[in-house]
Amino acid sequence: MPRLNEIKSVLVIGSGPIVIGQACEFDYSGTQACRVLQAEGIRVILINSNPATIMTDPEFADATYIEPITPEFVEKVIAKERPDAILATLGGQTALNAAISLHDAGILEKYKTRLIGANVDAIRRGEDRQLFKEIVASIGGESAGSMICHTIEDCYKAAERFNYPVVVRPSFTMGGLGSGIAYSKDELTEIAGAGLRYSPTTEVLIEESILGWKEFELEMMRDYKDNVVVVCSIENFDPMGVHTGDSITVAPAMTLTDVEYQKLRDLSIGIIRAVGVDTGGCNIQFAVNPADGRIVVIEMNPRVSRSSALASKATGFPIAKIAAKLAIGYSLDEIKNDITQETPASFEPTLDYVVVKVPRFNFEKFPAADNRLTTTMKSVGEAMAIGRSFPEALQKALRSLEKKGSSFSWDQISKSKEELLVEAGVATESRIHSVQQAMFLGATVEQAHEASFIDPWFLAQIEIINKMAHLLLQPGEISEKMLRDAKRLGFSDLQIAQLTGSTEDDLRKRRSILGIHPVYKTVDTCAAEFKAMTPYHYSSYDYETEVEPRTKPAVIILGSGPNRIGQGVEFDYSCVHAAFALRAMDFETIMINCNPETVSTDYDTSDRLYFEPLTFEDVMEVYEAELAVGPIVGVVVQLGGQTPLGLAARLQAAGVPIVGTSPAAIDIAEDRGLFGQLLKDQNLRAPKFGMAGSFEQAQKIANEIGYPVLARPSYVLGGRGMEIVYDEETLAAYISKSTEISLTHPVMIDKFLDDAIEVDVDALFDGEELFLGGVMEHIEEAGVHSGDSACVLPPTSIDASLTKEIREATEKIARGVGVKGLINIQFAIAENLLYVLEANPRASRTVPFVSKATGISLAKCAAAISLGKSIADLREEGALPKSGDGIAQGISVKEAVLPWNRFRKKDGSGVDSLLGPEMRSTGEVMGRDDEFGAAFSKSQSGALGALPTSGAVFASFADRDKSKCVDSVKALAKLGFEIVATAGTAKFLADEGIKSKVIRKYSDGLGPKGELTAVDSIESGEVALVINTPFGSGPREDGWRIRTAAVARGIPIITTIPGLKAAVLGIAAQQKGGFEVKSLQDWLK
Amino acid sequence: MGNAFFVLDDGKIFEGESWGSDGETYGEAVFSTGMTGYQETLTDPSYHRQVVIMTAPHIGNTGMNKTDEESLKIWVSGFVVRDPSPIVSNWRAQRSLEDDLVAQGIVGICNVDTRAITRHLRECGVMRVGIFSNMDLSREEMVKLVRKSPEMSGSQLSAEVSTEKKYIVPAIGEKLFTVAAIDLGIKAATPRLMSERGIEVHVFPQDVSMEQLLEISPDGVFLSNGPGDPSTMVEVVALVRELLLKQIPIFGICFGHQIFGRALGFETYKLRYGHRGINQPVLDKTTNKVEITAHNHGFAVQAPVDGSFDTVYGKGEVTHVCLNDGVVEGLALLDRPAFSVQYHPEAAAGPHDAGYLFDRFVDLMKGGIHAAS
């Protein structure tokens, strides 16, 4: 059947900011959906608050609304655009929840529009645990014993019935937010209490524990004719008890016979039918008891999910793309398989390789957080690797994480076998290493299994790797066969070098002499049964390579690897743009990346895709393989963040042409000494700084330049390990924590500019001309990491002469460094003086935001410049304006989204939500309007922390902030807010003529008549907004309690004075009301 | 472990390691793309005289067990995998795969690029192959030996796989029908699925006579799957023609489908590299729905896919086609109670989507020619 002809326009709901549990996989799926709908001639309307997405590029929709994904704003879009249908199954839980709210509020009916892809009843049946359980039973399946609870007392009763431990799962939250395992009544009180609060329906499920069982997941698709296919089976390496997002997962399932697999398949088909997912994708999770094969259905997602993205990349079957086609009325047999271009999509992919996904964690940024893995997702990204065997894929995946210690190692095991086995009993990021090292020290597969419950098959495969390591460790020259065998098991040159006392370079030479190189196989959905038309490759040490010859000159683009805090979707965005721009310039584009969530790893994005780790060795092999089949112009390293940039010098030394900014230029910007000299030569001001290889040096430097100072390790992204140090004592503590400090890894000590305004600039430079993309003023003061600070474009408090000065300084730096392409510079303005903080000769995190605000694709231009175009050329072509710099239309505010609610300390209390020089945000949103207040308000709504319009405000200030807060607090009172404060603050406010209600400090405890403390009052929901600026450097008990209570209760919290000022403007705008929505296309007219 | 060679008819040689039994073996090289179900594949008589290449790299992970056997022995003449499992991990496993291969004298080879072999067969078509494991032969000698081995085309293999004596699989629950199944290489799952539907299945040797069949007054006759070239099955084809005249309901699968096609007067032909896997999309033209099915066939029936056709037994039509390549996957007569499918509705291994075909057979036996559609 052709598509549903009555559908002429579709509203696609995106997933908003990147948060833990909902990352750029939904940009990948949403982008595919938009492309499909546009290709069908349907008018595409899109709402997504996240500017760092490809889907929100103006060309992917007819009307793109970068507005908050709240029922209020979605309704405004519907009212304005009157879409025939709404597609909400490709935007994660955010889109699905928005769709349900709109339905429940009668808005869909009011505007005579409807959901396609899944209906509300099906969503409810899939997501409501009780309904879902009934469905599972109705088709003859089994669920874990469970009880729905709405009060904590119900929870206690349930736990008595099932015995501890019990699993707590709040309803309608994403990424397992608020769920956990309770081993005791105390733990239950805490976890279930929080869960009840997180659940929009105040509902949690208390469930029988199936910890330690095997876990499987099936990705399904169904069309309106009731054709159902299983796209992929996934087996978790980690047994039940760890959230799938935090588990190492493997495709296809490895330890099921056909009989057992078909049982899962039959159940899945039964469930998708009974739930009534009419068209589209869903996934279903199962637990299987390893002792007797008892199958328990865990849950389903009646929508495209993170696992769907993984399954798409793992199989070559583009789930989101096909889901979009099914939603508009196609059936599976009417859709061609992209890869074979011959066979239909109504088949089940079969794999002749193994896919391993490993999660990427960022616990080092939350040192207080409990690092045990539970059913609440905590990872911030993932890497995927493909190999012809599990050991090969696993080792590639581990090195794709690009994290110290993520690859297996065999030397310097400081723990005993017994200690490691104990460690293996607790699920953590490093459990796989504990298991591997225990077995290396002699633990048997059985012992490792008993300790970890990891399936013996996986353990036996790791044992194969360990055995190889033992062989390599034996004295004497390793034979060619041993080298071949080791490479076949996924060992990197570096690992082999470490085991054999050689160096990576020597190993590489040796391999080259012996002709030991990987071959490149193809992901083709069909295990080679049909010819693949898409060059989607992965390496393997096997026999036959499938890289086709080509005649067009190629450009290799290095992606950014797994998402992590500080290096997220923004960099993938730039890489994708480069692929588009270079293809348009008639180059053959070759992408190398290992992040399955991204658009860059969609086989549609570049001409060739290599799903490979971004290490020197893996990149070199791709380069050589491609060089053997056709000309290569060069490699683009400046768009994927620090990962490719870090490879640039070594690649160049190995003879690889780097296009754009040269590694030598990169070094000038990154080496503080060289950069300092450049600033000096150009008469540019910078905070005083020094580099210290020891505490004594640090002390000396700090005394010279004066406290406060900013201390940080060199060469890091995202402000890792950065701290503002106010005195010598803290400095000593900082240095003693920095275990890696040495002359080769010095610590940098910068003068910290208190109360300065920070400014971010993104610019293009071609060697001659500068194009200033945008100047962003940070809302939080310098000292808060630029990635965590809100910012506004154009700046609101910088005058023309400063702006001119910024432009001049930018040009001097760009020229001095020798940039060819993008540069990002951070400036600070203190007492009206401009300071240069740092320069990064690469695409920055703000490139997508600037591009959205100005309508200019900086990344595309940068790619073009690196391949020889000039800014004048780009002006001529229309990629840049005929003259002048980037001009932002309206006021755009970028706000960061922080993951505080994901992390708890070991005692279950929350981690502190203070902003600082260490970046901790996972994502961002954009709010845009004609004036700042409205734009800021939108940004807060989009960032899941909507400002209140009325109610009580709890305010507490650090002494140094008191004088600065008066105007804002007065304004809040004038706007009708009740001000609540503790005695000290209240007195100060009274002195300033501001009336406030006095409340007890947390440390004072409840009053004699049961008067609440500030914390109780926040927890009970009596407060609509919390303002708490930190006292000095260390977290004080009261402030921390207040902040964690606000985070736990989901109450917006402001921790800086500039943030407060902005909020006041936002609230005022909200009270005025009448926010309008305006599409990107209209803004850019 | 020692050296082993996988030597193709066209002279292409892949070197790997010995696995399973040492020695030499010959057969037709075919690849199977199923990611699960190696045990069912090994014990499926249809793979008699075939050397099976598994495209899934890790084989043997779940070991071998009694209940998943499709027959009493391993039938493949050689087994080719990339990474055999060092251990067995499954609660139902009773033995390891390699132990079974050795015990039954099956020559295997591992650590070869199975994808390269598959691509070669895809491009060049299936051909004869030999595996030489721990043998002291030159490359030329090995190729010569392969070229001396028998071809699949023109091979009559049913007698080698069929039961010697009739046996009965009783109906589960109330007995509703009696079916005579002609064993051309039948799998255990087929009579089991029929018995679950109240059918008492009498499994006959492949050389059964009409008299022997009629002795049990069957409500229907089932033509099983099996190995070999359907054009050699002259006697069974003649038997089917007689059955058609007697209007006894017939259901054929795989090899049985090819025989049914030949009985209707169609030719059979050899596919370049066959269908072997459990992910094949087949369109049921009568319902317009797609089912994901298990296939194992190297030959196919040449019949007009669109509209109906005439036979001496009246009108008929192609009921099923493979959506990958348009191959005829199902036939039915419109005026007589007989139909067949080229694939495996018993699906062991494979998805259970086509199980409804046994219900169609039951409907056919209940009466009404059109019950099937």
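## Exercises on a two-chain model

The domain assignment of chain B, which like all such bounds here comes from an automatic or database assignment, gives domain 1 (1–146) and domain 2 (156–364). This is a predicted model, in which local features need pLDDT of at least 70, side-chain atom pairs count only at pLDDT 80 or more, and totals for chains, interfaces and linings use all residues. Residues are numbered from 1 along each chain as its sequence is written, while chains are lettered from A and ligands numbered from 1 in the order in which they are written.

**Exercise 1.** Describe how domain 1 and domain 2 of chain B meet.

*Solution.*
- Step 1: Start with the distance: the C-alpha centres of the two domains lie 28 Å apart.
- Step 2: Next come the contacts (C-beta atoms, placed from the backbone, within 7 Å): 23 residues of domain 1 touch 24 residues of domain 2.
- Step 3: On the domain 1 side, β3 (23–32), α1 (38–42) and α3 (114–124) of chain B each supply at least two residues. Helices (H or I, at least four residues) and strands (E, at least two) are DSSP runs, numbered from the N terminus.
- Step 4: β3(B) has the largest share of that side, with three residues.

**Exercise 2.** Find where the largest nonpolar core lies relative to the domains of chain B.

*Solution.*
- Step 1: Learn the term: a nonpolar core is a set of buried Ala, Val, Leu, Ile, Met, Phe, Trp, Tyr and Cys residues joined through C-beta atoms within 7 Å. Buried means that 20 or more other C-beta atoms lie within 10 Å of a residue's own; 12 or fewer means exposed, and in between is partly exposed, with C-beta atoms placed from the backbone.
- Step 2: The largest core has 476 residues, and those with the most contacts inside it include A:I557 and B:V80.
- Step 3: Domain 1 and domain 2 of chain B both give residues to this core, so it lies between them.
- Step 4: Look around A:I557: leaving out residues up to four places away in sequence, it touches A:V636 and A:L639, among others.

**Exercise 3.** Work out which strands stand at the edges of the seven-stranded open sheet in chain A.

*Solution.*
- Step 1: Write down the order, β17-β18-β21-β20-β19-β22-β23, with mixed pairing. Two strands pair if DSSP finds at least two bridges between them.
- Step 2: β17 (519–522) and β23 (658–659) each have a single partner strand, so one side of each is left without a neighbour in the sheet.
- Step 3: Now check one pair: five bridges join β19 (residues 554–558) to β20 (residues 588–593), and these strands run parallel. In β20(A), A:E588 is the bridge partner of A:A554.

Technical notes. Contact = placed C-beta atoms within 7 Å.
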